[in-house]
Amino acid sequence: MSDRPILPAGGDGWAAPGRNDGPAATQATVVVDRREHTAHIAVSGELDLANAKAVEQQILRGVGGEPTAVTLDLTGLRYIDSAGLWILFRLGTHLATSKIAGEVVVAADGPVRRMVETAGVADAIPVRPQR
């Protein structure tokens, strides 16, 4: 038996890094496109506990200035965990409270769409597949 601890697999199916492999880092990119009174916010990469706070702050900055409509585009997102899903619930609440129309766009198929559907995100903010 090895002295090395058993580590959980990451969301991408690869083993989590060992103690001496350096920090695990997930990366997400947030791009905000503002036009008149609308905001299109695209998130790509991976969204998990490690980067959720920074991603949420960037999304909320994109919503700032009280647009009348917000589209959160997750079609470039490869992975989302519960921390990322909570961002969607909080965003839906924020938009509803601010009387801002909002929607989440997901890829027509894939793990992000399945997670969003399973978690019931559509109860907080409309979700639609990419056209």
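Is Ser44 buried, partly exposed or exposed? In this predicted model, Ser44 comes out as partly exposed, because its relative accessible area is 28%, and anything under 20% would count as buried while anything over 50% would count as exposed. The residue sits in strand S2. Setting aside residues up to four places away in sequence, Ser44 touches Gln27, Ala28, Thr29, Gly76 and Leu77. Asp73 is 29 residues away from Ser44 along the chain, yet the C-alpha atoms of the two are separated by 8.5 Å.

Now for the sheet that S2 belongs to. It is an open sheet of 5 strands, laid out in the order S1-S2-S3-S4-S5, and the pairing is mixed. Strand S1 (28–35) and strand S5 (127–129) form the edges, each pairing on one side only. Going from one strand to the next, the twist averages 20°. Strand S3 (residues 69–80) and strand S4 (residues 101–106) run parallel and are joined by 5 bridges. As part of the register, Val70 stands opposite Gly102 in S4. Helix H3 (residues 111–119) lies across S3, S4 and S5, and runs at about 120° to S3.

The other two helices to look at are H1 and H2, which pack with their axes 10 Å apart and at an angle of about 25°. That angle makes H1 roughly parallel to H2, since anything under 35 degrees counts as such. The crossing of H1 past H2 is right-handed. On the H1 side, the residues involved are Ala52, Glu56, Ile59, Leu60 and Val63, and they meet Ala83, Ile87, Arg90, Leu91, His94 and Leu95 of H2.

What holds a place in the largest nonpolar core? This core has 27 residues, and the ones that touch the most other members are Val43, Ile59, Val63, Leu72, Leu74 and Leu88. At least two core residues come from each of strand S2 (38–47), helix H1 (52–63), S3, helix H2 (82–97), S4 and H3. H2 gives the most, with 6 residues.

Leu72 gives a good look at this core from one spot. Leaving out neighbours within four places in sequence, Leu72 is in contact with Ile41, Val43, Ile59, Leu88, Leu91, Glu103, Val104 and Val105. Among these partners, Val43, Ile59 and Leu88 are, like Leu72 itself, in the group that touches the most other core members. Ile59 also turns up among the H1 residues that meet H2, and Leu91 among the H2 residues on the other side of that packing.

Terms used. Residues are numbered from 1 along each chain as its sequence is written. This is a predicted model: local features need pLDDT of at least 70, side-chain atom pairs count only at pLDDT 80 or more; totals for chains, interfaces and linings use all residues. Side-chain values use heavy atoms; hydrogens and water are left out. Two strands pair if DSSP finds at least two bridges between them. Helices (H or I, at least four residues) and strands (E, at least two) are DSSP runs, numbered from the N terminus. Axes are lines fitted to C-alpha atoms, for helices over the stretch in contact, and angles run from 0 to 180 degrees between N-to-C directions. Contact means heavy atoms within 4.5 Å. A nonpolar core is a set of buried Ala, Val, Leu, Ile, Met, Phe, Trp, Tyr and Cys residues joined through side-chain atoms within 4.5 Å. Buried means under 20% relative accessible area, exposed over 50%, partly exposed in between (1.4 Å probe, protein chains only). Angles under 35 degrees count as roughly parallel, over 145 as roughly antiparallel, 65 to 115 as roughly perpendicular and the rest as oblique. A crossing is left-handed if the near helix is turned anticlockwise from the far one by less than a right angle, and right-handed if clockwise.
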